Amino acid sequence: MSPVEILVQYWPRLLDGTLMTIKLTLLGALIAAAVSPVFALVRVHAAPMAQAPLRIYVSFMRGTPILAQLFLIFYGSGQFRPLLQEWGLWSFFRDPFNCALLAFALNSTAYQTEILRGGVLGVPRGEIEAAKAIGLSRLKTLRRVVFPHAYRIAWPALGNEVILLMKASALASVVTVFDLMGRTRQVFSKTFDFSVYLWAALIYLCITAIFVLLWRQAERRLSRHIGTRNTPQATAQPLKETRA
Amino acid sequence: MFELFSYGDAGWGDEILQGLAITVQLAIATLPVGLCIGFLAAFASMSRARPLRFLGFGYTTIMRGLPEILTLFVVYNGAGLLINAVLRWWAPEASPIDFSPFAAGVVALGMVFGAFAAEVLRGAFQSLDRGQVEAGRAIGMTGRKIFLRIQLPQVWRFALPGLGNLWINMLKDTALVSVIALDDLMRMTKVAVGVTKQPFTFYLLACLIYWAMCVLSELVLAQMERRANRGIRRA
């Protein structure tokens, strides 16, 4: 079959897989984004002893393959099946999608925590002092001064992390989630036509490209009050240059 | 519980160590391949010839945007097909060659490593002091000598932190080859899990081994960076 015929015949599956990939990535990134600001604050402000568990967690997540983390959660949960059944959690861990999502969210949380920590540390002290001077409460200082600036600093690196997560989400296919990679392997095992891999590659590249454009758009919006002549340092670096 | 990890027939210690040996071999074999690809792609993207620049830029952009596991499958399935197609054309009577998973792992991981390394090396070359190259030219050094004596020693210093990160990423990515049936640490762990029915114990062990390798790498890299920066006064 020609590459075009493959696409014509199997596009519904590839589309289905693409949507699954996007769903896994977005949900994983969002869960991580909800948790990481708190963790980042702990990493910046808490006493060294209180930070220790978090540091070990981050180091573990960054020092082990995501595939191993995924297997640890998906297959490893089987060892505690009676216990999990007792707690009513077994139906959660039996589903490969849930396990993959949990693994990706845990992994991304570690990376996002470190990135945001860098962002929070990058906020000039003067801004925080100024907030204190005009009588903002600590919570309001965080919400109105620290985090808006921290996110602006961390934005390009966070975008890279989401792209890395999207690439990592292809691993879910190994535990039988039918994401784009899973669908591609399924079609390949049926047709033995190599071109389906090339279509998959093209789709992955398109997802990345569209994401990069959207992310830049958001970045421009985040720093719209600054104006083009005085762009912050973080926006001056092209997105592709940095990698977590 | 500890007899599970013991050496010999009763335990899985020796099997897992064999897997670890494959993982380490794979990583060490990939490094020079990846560095070569990285240098080639970096030179291409800094070249004065436009097509070469386009090629280098295209390669790094595409390879960095694809999931590593997809690259691995493309190489494993595609390179085998390609080699045998060439072989059939070249020598129709020869029996088809099996493209080994180890070779596929080295090529695929090397291609990924090379794409990221190209960006690191390009950045390192561009952060060199241009005046030094001009000085070399002024005292009549040839282009090759300038490269070997002035640029390369300093590129090493600038590129080391980035390359170190890539090494650690590559070390972790070796786990992917277990999916194409290479008996690395991850796959031997899977075999042990299949027999003992203790998935959490063994996958945790595998994670701890990978973690130890990464932490060890970080320590060695810190030492190498210190060594590379000896003689440099800190501002």
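**A tour of two chains**

Begin by selecting helix α3 (residues 66-74) of chain A together with helix α6 (residues 96-121) of chain A, whose axes come within 9 Å and cross at roughly 130°. Axes here are lines fitted to C-alpha atoms, for helices over the stretch in contact, with angles running from 0 to 180 degrees between N-to-C directions. That crossing makes α3(A) oblique to α6(A), since angles under 35 degrees count as roughly parallel, over 145 as roughly antiparallel, 65 to 115 as roughly perpendicular and the rest as oblique.

This is a predicted model, in which local features need pLDDT of at least 70 and side-chain atom pairs count only at pLDDT 80 or more, while totals for chains, interfaces and linings use all residues. Residues are numbered from 1 along each chain as its sequence is written, and chains are lettered from A and ligands numbered from 1 in the order in which they are written.

Next, show the side chains where the two helices touch (contact means C-beta atoms, placed from the backbone, within 7 Å): α3(A) contributes Ile66(A), Gln69(A), Leu70(A), Ile73(A) and Phe74(A), and among those from α6(A) are Pro96(A), Cys99(A) and Asn107(A).

Now turn to chain B, where 30 residues are in contact with 26 residues of chain A. On this side of chain B, at least two residues each come from α2 (50-65), α3 (68-90), α7 (185-196) and α8 (199-228), and α8(B) gives the most, with 11 residues.

Finally, select residues 229-244 of chain A, over which pLDDT (the predictor's confidence in each residue, from 0 to 100) stays under 50. Where pLDDT is low, the predicted coordinates should not be read in detail.

Terms used:
Helices (H or I, at least four residues) and strands (E, at least two) are DSSP runs, numbered from the N terminus.
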